[in-house]
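Please examine the sequence and the three-dimensional model shown here. The explanation that follows proceeds from a single residue to the nonpolar cores and then to the pockets.

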Amino acid sequence: MKDTDKKRVLREMLFARRFEERCYEAYVERNIGGFLHLYPGEEACAFGVLEAAKPGHDYVITSYRDHVHAIKSGSDPKKVMAELFAKETGVSKGRGGSMHIFDVANRFMGGYALVGGPFPLAAGIAKGIQMQGGDEICICFLGDAANNQGTFHESLNMAKIWNLPVLYVCENNLYGIGTRIDRSTAVIDQYKRVSGYNIPSAQEDGQDFDLVYKAANKAIKHVRAGKGPYFLELMTYRYRGHSMSDSNAYRAKTEERMWSGRDPVIMLRDRLIESGALTLDEYKEMDTAILDEIEDEVIRYAAESPEPHMSEVEKFVLAENDPWVKGGVQ
Amino acid sequence: MADIMMWEAIMRAHDEEMANDPMVIAMGEDIGVVGGTYKATMGLYDKYGEQRVIDTPISENGYTGLGIGASFLGVRPIIEIMSVNFAWLAMDQIFNTAAKVRYMSGGQLQAPVVIRSPGGTAHQLGSQHSARMEKVFMGVAGLRVVTPSNPRQAYGLLKSAVRCNDPVFINEHELMYNMRGDVSEEEYFHPLEGSEVAREGKDVTLFGYNISVHWCLKAAGLLSKHHGIEAEVVDLFALSPLDREGIRNSVSKTHRAVIVEEAEPAVGVGAEVMAIINEECFFELDAAPVRVSALNVPIPYNHAMEKAALPDENDVVQAVRNMFGI
C-alpha cells in the first residue's frame, strides 16, 4: 500500500476515534440513550480488514459495536450520529439505535445485539451470494466472547460443508463484557478452535494496521476465490468498558497502559512520520480538522434533524400492502 | 379437484413455488435425500438438487439463522423444523432477527422466510415431542402465524407464505399429514389473514384452529343430533394477526363462544380470542365465553394419561351443555 493511501487510512482511523469519543460525550450529555458500545483501541481491525475488502460491494455484518464498521462500509457519519440521536434522518430512521446501525445500500447488513447472532446470518448472506453467482463475500466481525455461543460452532460447520464465501473476523479484545477470556474460555487462541471445522484460520496483531491489512488480503483472496470460509483472529483491546454502563473496574491499570502503548492510530502515525510521508504538525492539523468536522457537520446534523413522527410508530412491523396477505391478485 | 393428503398438498406447494422462482429453497433436517420425516418434500431433492433442497445439520438455531440471512439477499427459504419442540432452539433467530429486522433497520431489510413445523400431540411421544407452541409465536410482533386444518389450506397457505414479504410461521400437526381433502387442481393462494366459517350455525360459535377445528365439527354434529343446538364452527387459520372482524361477526350472530385449543390454557389462543370478544362485542354476549384447553401439564407418556391431558369433541360438547344448562 502506498503512503498516500496509508495517510488516507490514518485520517479515517483518527476520524473513527474522534467520532467514538464524541459519542461518549453525547451520551453523557444525554443526546444518546440506551446502550452504547465504543470502538477506540480496536480501529486497526475494521480498517485493516475492510481496506483489503471492497466495502459497498462485499457484505458486512457485525455486533452491537458497529458504528465504525458502518462508516468504513460507506455510511455517512452524519446519518450514523443521527441514528444515535434517535432521529428520522438516522441510517435506521431512529428505530434502531447504536446497536442496530443498518445501511443496506452500502451492504452494511446491520448491527445485532445478541452475542453470536450474526454468525448464521453471515453464512446465510454467503448462501445468497452463492446462489446469485457474484464475486462478493460476506465479512462477519464479532468478538471473542461470541465464540462461546452455539451459533459459532453451528455456523462454522455449515459454512464449511456448503463452501460458503464468508470471512469470520474475530476481534479478540480479551474480555466478554467484564469477564477475562481465560476465566470464560478453555482455549485462549480463538483461531485454534476453528481447526475442528477444517477451516483455514490465522491469528494476527490487531493493533498494527499493516499486519491486519496483509493478513486480511490473504484471507479475502481465499474466500473470494471460492475456496470457502476463513477465520481471522485479531488480537486487540478496547479502551473503554464493554458499554457505557460498565465501570471497567475489572482490568488492571498496568494492562491498560500496556495496550495504550500500542495504540493503532499512533502506531500508523509514527510509521508514516518515520518514512517521511507525514509530519507531526500535519497530523495535528488533520486532528483539528476532524474535530471541527465532527462538531460542525456531524453533531450539528444529528442535533438539528427531526424526530420520527409518532404516527409512524407502527410502521415497519410488517410489509405494507403485501398482496399475498390477501391471497394474491386472483 | 383432487383428493390428496396433507403432505402431498404441502409437497405440491413446494414444487410449484420452486419451479416458479429459482430463489425459493427448502431446508431442514432429513428433507432432501430422505424426503422429509412427513414426506412434505418428497422428490424435490432429485428435481431441484442439493443447492436448493438442503439437508441441514441438526442445528436449529444455526440453519434457521442461515435461512434468515439468505432471505436478506432475496432468497426465499422454506425452512422445515422437524418438530416444533426443536423450534425452541431457533427462537433466538426467529424472534430476535426475523421478527424485528424490518423494524430495527427502519424498513431497509426484510426476512421473507417461511418456517414450517409440526406441533401438537401425537401418540405417546412424551413430554419433549408433544409441545403446542403456536401461542408462543403469536405473541411476537413482526411475525405472521398461520395454521392449516385441511390440505387445501396447507397448500394455499404455504404458496402465499412463500411469496409474502413477511416471515411466516406455519404451525402444522404431526397427526394431520395423512388427512385427506380436496385441493383445487388450479393454482391457489390462500389468504394469510382472516378466518373461515367451517360450519354455519346460530346458537353458539365454536372457535377452532388446526386439529381442534375437527373436534369442533364433530362436536357440532353431536350437539345438533342430541341437543338440537346448531353450532357455528369458525376456523382460525390465521393466529397472528387474529381475525377480529370474523370473531365479532360470528359472536354477534350466535351470542355465545367456546374456544377450543389443544394447548395449555395460559396465555393462549383461547385467552386471546376472549380478549378480542371483550374488546369487540362484549354486549352481544348471552353467556360468558368458555375455553376448552389441555390440562396445564407436560404431556405424559402413558396413553390414558395423555388422552386425559388433552381435550376432544366430548369436552367441547360438555362445555356447550354447561353453557346452556342442559
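Which residues does A70(B) touch, not counting residues up to four places away in sequence? In this predicted model, the contacts of A70(B) are G124(A), I125(A), K127(A) and G128(A) from chain A, together with V75(B). A70(B) itself belongs to helix α3 of chain B, which spans residues 60-71. With a relative accessibility of 0%, A70(B) is classed as buried, because that designation applies under 20%. A further reference point is M23(B): its C-alpha atom is separated by 9.8 Å from that of A70(B), although the two positions lie 47 residues apart in the count along the chain.

From this site one may turn to the nonpolar cores. The largest of them has 81 residues, and those with the most contacts inside it are Y168(A), F72(B), F137(B), F207(B) and L236(B). Helix α5 of chain A (residues 118-132) contributes the largest share of this core, namely seven residues. The core also draws at least three residues from each of domain 1 (2-183) and domain 2 (196-324) of chain B. The surroundings of F207(B) can be listed in part: leaving aside residues up to four places away in sequence, F207(B) touches, among others, C216(B), V234(B), L236(B), I247(B), V251(B) and I277(B). A second, separate core comprises 62 residues, including F85(A), M244(A), M286(A) and I299(A).

The pockets come next. The largest pocket holds about 310 Å³ of space. Its lining consists of 14 residues, of which H123(B), W215(B), K307(B), L310(B) and P311(B) lie nearest the centre. Helices α9 (211-227) and α12 (303-309) of chain B each supply at least two residues of this lining, and α12(B) gives the most, with three. By class, the lining has six nonpolar, four polar and four charged residues. Where does the largest pocket lie with respect to the domains of chain B? Domain 1 (2-183) and domain 2 (196-324) both give residues to its lining, so the pocket lies between them.

The second largest pocket has a volume of about 260 Å³. It is lined by 14 residues, and those nearest its centre are M138(B), G139(B), L239(B), L242(B) and E272(B). In chain B, α7 (134-138), β12 (238-240) and α11 (269-281) are the elements that give two or more residues to this lining, with the largest share, four residues, coming from α11(B). Seven of the lining residues are nonpolar, three polar and four charged. Domain 1 (2-183) and domain 2 (196-324) of chain B each provide at least three residues of this lining.

Notes
Residues are numbered from 1 along each chain as its sequence is written. Chains are lettered from A and ligands numbered from 1 in the order in which they are written. This is a predicted model: local features need pLDDT of at least 70, side-chain atom pairs count only at pLDDT 80 or more; totals for chains, interfaces and linings use all residues. Side-chain values use heavy atoms; hydrogens and water are left out. Buried means under 20% relative accessible area, exposed over 50%, partly exposed in between (1.4 Å probe, protein chains only). Contact means heavy atoms within 4.5 Å. A nonpolar core is a set of buried Ala, Val, Leu, Ile, Met, Phe, Trp, Tyr and Cys residues joined through side-chain atoms within 4.5 Å. Domain bounds come from an automatic or database domain assignment. On a 1 Å grid over the protein atoms alone, a cavity is a set of points where a 1.4 Å probe fits but cannot get out, and a pocket is an open set with protein on both sides within 12 Å along at least five of seven lines; lining residues have an atom within 4 Å of a point. Grid points are joined across faces, edges and corners, and a volume is the space filled by probe spheres set on the points. Ala, Val, Leu, Ile, Met, Phe, Trp, Tyr, Cys and Pro count as nonpolar, Asp, Glu, Lys and Arg as charged, and the others, Gly among them, as polar.
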